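Biologist: I would like to learn how to read a few features of a model from its coordinates. Could we take them in turn, with the general idea before the case?

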Amino acid sequence: MDPAVTATERIRIVLVGTQHPGNIGAAARAMKTMGLSRLALVAPQRFPHADAEAMAAGADDVLAAATLHDTLADAVADCRWVAGCTARDRRIALAQFAPREAAAQALAQAAEGGIALVFGRERTGLENHELQLCHAAVHIPANPEYSSLNLAQAVQVLAYELRIALLAARPAEPTPSPGHREPPASHAQMEGFFVQLAETLDAIDFHKGRTPEAAMHKLRRLFLRAQPDEREVRLLRGVLADAQRMARLAAARGDRD
Ligand code: SAH
């Protein structure tokens with residue numbers, strides 16, 4: 001199975017004691033946009049609820065599959081690594097991560113088994129005994145004067161970081177340049193083009209006594225970076241051929257005059 005798929009299935013978002021059902025729906029939507037689907041609810045105050053459905057929009061499948069638990073311990077019982085998200089810096093003996101580091105940790109841990117990201121109540125957050133069930137705390141480094149994000153928005157930040165970490169962990173695929181319908185020109189085709197480019201620059205007296213190497217070096221870098229395809233190289237060579245022809249005509253005229 002695709003390791004990225006395995007990882008997302010092992011990542012659980014846990015909402016503890018959520019007060020506003022709309023936040024549960026918005027969290028489900030935040031998850032689904034980032035490719036996550038495992039939602040666990042610990043003693044939500046009102047659920048199911050029409051506000052949750054409304055805020056979930058197209059993520060009603062995530063809501064429908066959400067599991068319900070009486071306690072946080074029950075919701076994370078089968079997880080190997082649990083991180084609690086807190087709006088405040090708390091003096092707790094827990095490793096504290098920023099979201100990006102937490103996402104990297106989470107993915108590393110997900111290779112071994114289930115992991116959970118836990119979010120607290122809107123008014124009071126997570127209780128200390130709940131944080132004590134966690135291996136780490138995660139704090140979004142928000143404005144210190146006003147650091148408490150809306151619950152679903154905090155879920156969105158973490159889900160986004162998980163997605164970026166997952167995408168980065170995928171084996172790199174060559175990114176085709178937009179608009180390429182033909183394969184990139186071969187090494188030999190590029191070298192043929194460079195020979196013609198050098199001849200053309202001579203013919204139009206581009207260097208004016210300077211050594212040609214410096215300009216050619218920069219032009220080579222530019223064209224190699226652009227990775228033109230075969231058709232584009234033919235077009236460029238057509239332009240050069242015309243320039244060479246004009247230079248020959250001008251030279252012949254100069255000889256005559
Ligand atoms: N007044 C509460 C805020 C709760 S906000 C408190 O001080 O704890 C609801 C939940 O959103 C929090 O429990 C936490 O899980 C998450 N959250 C909000 N802001 C956050 C932040 N800056 N960093 C990490 N999590 C945050």
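Modeller: Let us begin with polar contacts to the ligand, a polar contact being a pair of N or O atoms within 3.5 Å, where within protein one atom must be able to donate a hydrogen and the other to accept it, and residues adjacent in sequence count only if both atoms are side-chain atoms. Here a polar side-chain atom of Arg 88 lies 2.9 Å from an oxygen atom of the ligand, while a polar backbone atom of Cys 85 is 2.6 Å from a ligand oxygen, and a nitrogen atom of the ligand has a backbone N or O atom of Arg 123 at 3.0 Å. This is a predicted model, in which local features need pLDDT of at least 70 and side-chain atom pairs count only at pLDDT 80 or more, whereas totals for chains, interfaces and linings use all residues. Residues are numbered from 1 along each chain as its sequence is written, and side-chain values use heavy atoms, with hydrogens and water left out.

Biologist: Which residues come nearest to the ligand?

Modeller: A residue is near a molecule or strand if one of its heavy atoms lies within 4 Å of it. Of the 20 residues around the ligand, the nearest are Cys 85, Arg 88, Ile 140, Ser 147 and Leu 149.

Biologist: Cys 85 has a bridge partner in S6; which residue is that partner?

Modeller: Strands (E, at least two residues) are DSSP runs numbered from the N terminus, as are helices (H or I, at least four), and two strands pair if DSSP finds at least two bridges between them. The partner of Cys 85 in S6 is Phe 119, and strand S4 (residues 79–85) runs parallel to S6, joined by six bridges. Strand S1 (residues 11–16) also pairs with S6 in the parallel sense, over five bridges, and there Ile 11 is partnered by Ile 115.

Biologist: Why is strand S6 described as largely enclosed?

Modeller: Buried means under 20% relative accessible area, exposed over 50%, and partly exposed in between (1.4 Å probe, protein chains only). Six of the six residues of S6 (residues 114–119) are buried, so the strand is largely enclosed by the rest of the structure. In a regular strand the side chains alternate between the two faces of the sheet. In S6, Gly 114, Ala 116 and Val 118 point one way and Ile 115, Leu 117 and Phe 119 the other.

Biologist: Where does the side chain of Glu 130 reach?

Modeller: Glu 130, in helix H7 (residues 128–131), is buried at a relative accessible area of 7%, and its side chain reaches the backbone nitrogen of Glu 127 at 2.8 Å.
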